[in-house]
Amino acid sequence: MNIVVGVTGGIAAYKTVHLVRLLTKGGHDVTVVPTEDALRFVGLPTWEAISRHPVTTSVHDDVAKVRHVALGQAAELVIVAPATANSIAKITAGLADDLLGTTLLATEAPVLIAPAMHAEMWRNRATQANIATLRERGVHLVGPADGELAGGDSGPGRMAEPEEIFAAAQALLAPGDLVGVRVVVSAGGTREPIDPVRFLGNRSSGRQGAALAAEAAARGAEVTLVAANIAGDVLAEVRHPAIRIVSVGSAADLADAMKREAPGADVVVMAAAVADYRPVAVSDRKLTKESGGVPAIELVENEDIVAALAAVRRPGQLIIAFAAETPEDEAELLARARRKQLRKGVDLLVVNEVGWERGFESAENAVHILGPGGADAGAASGSKRAVAAAIWDAVQRVR
Ligand code: CTP
């Protein structure tokens with residue numbers, strides 16, 4: 001797609017370099033239109049190198065191609081990131097004293113702006129009135145986030161992260177087949193405390209569940225990701241304005257969160273690896289060798305969360321479970337999966353073979369998908385994101 005990225009004069013311009021990279025890597029043709037002020041933060045050669053297109057700020061360059069209107073006319077999306085308070089005021093007033101101004105006036109494409117300024121400037125009534133006017137005109141906003149600002153202050157005004165702006169841009173370009181669908185995905189692995197420093201856990205990294213959440217959000221769904229002990233770098237990769245993250249620790253925490261979140265969802269995906277058992281007693285103090293002898297940890301069974309959710313689901317709600325198996329062969333894998341699907345009463349079951357070297361902690365996965373009644377609903381392999389896409393395709397076929 002043909003995208004114009006307008007850059008105005010704020011320190012967050014350095015993050016826009018990464019945004020342009022994400023867009024070009026995503027196969028888009030990007031023309032960067034900085035303002036003169038923006039070039040004080042990031043220079044012209046950087047924009048040209050990263051976008052692989054000539055860059056100018058002026059309406060007087062390339063006049064034969066009527067560049068001041070041609071860019072806006074050809075654009076399928078215009079992004080302004082960062083959009084300073086001053087540039088927001090100019091866009092609202094329709095000023096066209098540079099190439100970005102003319103491009104914005106000449107375009108009929110959707111416009112997405114990512115504000116970036118100090119919290120006081122963001123809260124100022126003039127800025128808020130401008131934002132309200134822009135929204136009314138159909139301009140899309142991403143951010144600003146609440147966080148650390150230049151100069152050590154903090155508050156609302158921090159530009160949305162490049163991945164978030166990219167996701168918002170993708171959503172505008174291709175609205176997706178899950179628009180309006182509310183999804184709850186659990187991911188990661190629970191930890192059952194033994195004492196203040198130890199737990200019973202498992203090797204689930206949360207990558208497959210996180211990929212399911214990211215894919216659903218990219219396709220337009222409103223997503224709640226219930227994250228059981230997922231590493232920060234895995235979560236950072238799925239940052240998206242439509243994904244809300246709820247962090248949990250143990251199976252009991254996960255059960256509480258799922259029972260709270262699931263009733264409002266159209267689709268519930270239990271990708272988390274839940275401990276089947278927990279220690280009967282949790283010691284308040286660390287178990288030490290001085291306590292004497294080898295400790296025996298007595299276990300008690302945890303509730304089967306997905307079975308409980310399936311038992312009370314409302315009509316039309318879809319429940320999807322996962323199963324990780326270590327079978328002798330494919331026939332045993334599918335037979336075990338079908339029994340599990342029946343036992344848990346879920347609509348779909350995604351099963352993968354795991355082992356010491358397979359399935360866990362890796363970027364790749366290979367799964368079989370069982371549809372209602374245990375019917376074969378396809379197989380998928382490759383990156384966890386590609387597997388996520390195949391799972392959502394299967395969900396869409398039965399929805
Ligand atoms: N699950 C759950 N609550 C539990 C255990 C598992 O909701 N207490 C969910 C998982 O999130 C997953 C599915 O059930 O979606 C499969 O879990 P698995 O551990 O394979 O199933 P079990 O019933 O424990 O069967 P197994 O005897 O193979 O361990």
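Let's start with the company the ligand keeps: by class, its shell has seven nonpolar, no polar and seven charged residues. Please keep in mind that this is a predicted model.

**The ligand and its surroundings**

In total, 14 residues surround the ligand, and the closest are Met270, Ala272, Val306, Phe322 and Lys340. Two of these names, Ala272 and Val306, come back in the table of polar contacts below, together with Asp276.

| Residue | Protein atom | Partner | Distance |
|---|---|---|---|
| Ala272 | backbone N or O | ligand oxygen | 2.7 Å |
| Asp276 | side-chain N or O | ligand oxygen | 2.9 Å |
| Val306 | backbone N or O | ligand oxygen | 2.8 Å |

Taken alone, the ligand exposes 570 Å², and the protein buries 80% of that. The space that the ligand takes is the largest pocket. Which elements give two or more residues to the shell around the ligand? They are helix H12 (305-311), strand E16 (318-325) and helix H13 (330-344). Of the elements, H13 gives the most to this shell, with four residues.

**A hairpin elsewhere in the chain**

Now for a look at strands E6 and E7. Strand E6 covers residues 145-148 and strand E7 covers residues 154-158; the two run antiparallel and are joined by four bridges. Glycine appears on both sides of this pairing: Gly147 has Gly155 in E7 as its bridge partner. Five residues lie between the strands of the hairpin, where Gly151 takes a positive phi near 90 degrees.

Key
Residues are numbered from 1 along each chain as its sequence is written. This is a predicted model: local features need pLDDT of at least 70, side-chain atom pairs count only at pLDDT 80 or more; totals for chains, interfaces and linings use all residues. Side-chain values use heavy atoms; hydrogens and water are left out. Two strands pair if DSSP finds at least two bridges between them. A residue is near a molecule or strand if one of its heavy atoms lies within 4 Å of it. A polar contact is a pair of N or O atoms within 3.5 Å; within protein, one must be able to donate a hydrogen and the other to accept it, and residues adjacent in sequence count only if both atoms are side-chain atoms. Accessible areas come from the Shrake-Rupley method with a 1.4 Å probe; for residues, only the protein chains shown count as cover. On a 1 Å grid over the protein atoms alone, a cavity is a set of points where a 1.4 Å probe fits but cannot get out, and a pocket is an open set with protein on both sides within 12 Å along at least five of seven lines; lining residues have an atom within 4 Å of a point. A molecule sits in a cavity or pocket if more than half of its atoms lie within 2 Å of its grid points. Ala, Val, Leu, Ile, Met, Phe, Trp, Tyr, Cys and Pro count as nonpolar, Asp, Glu, Lys and Arg as charged, and the others, Gly among them, as polar.
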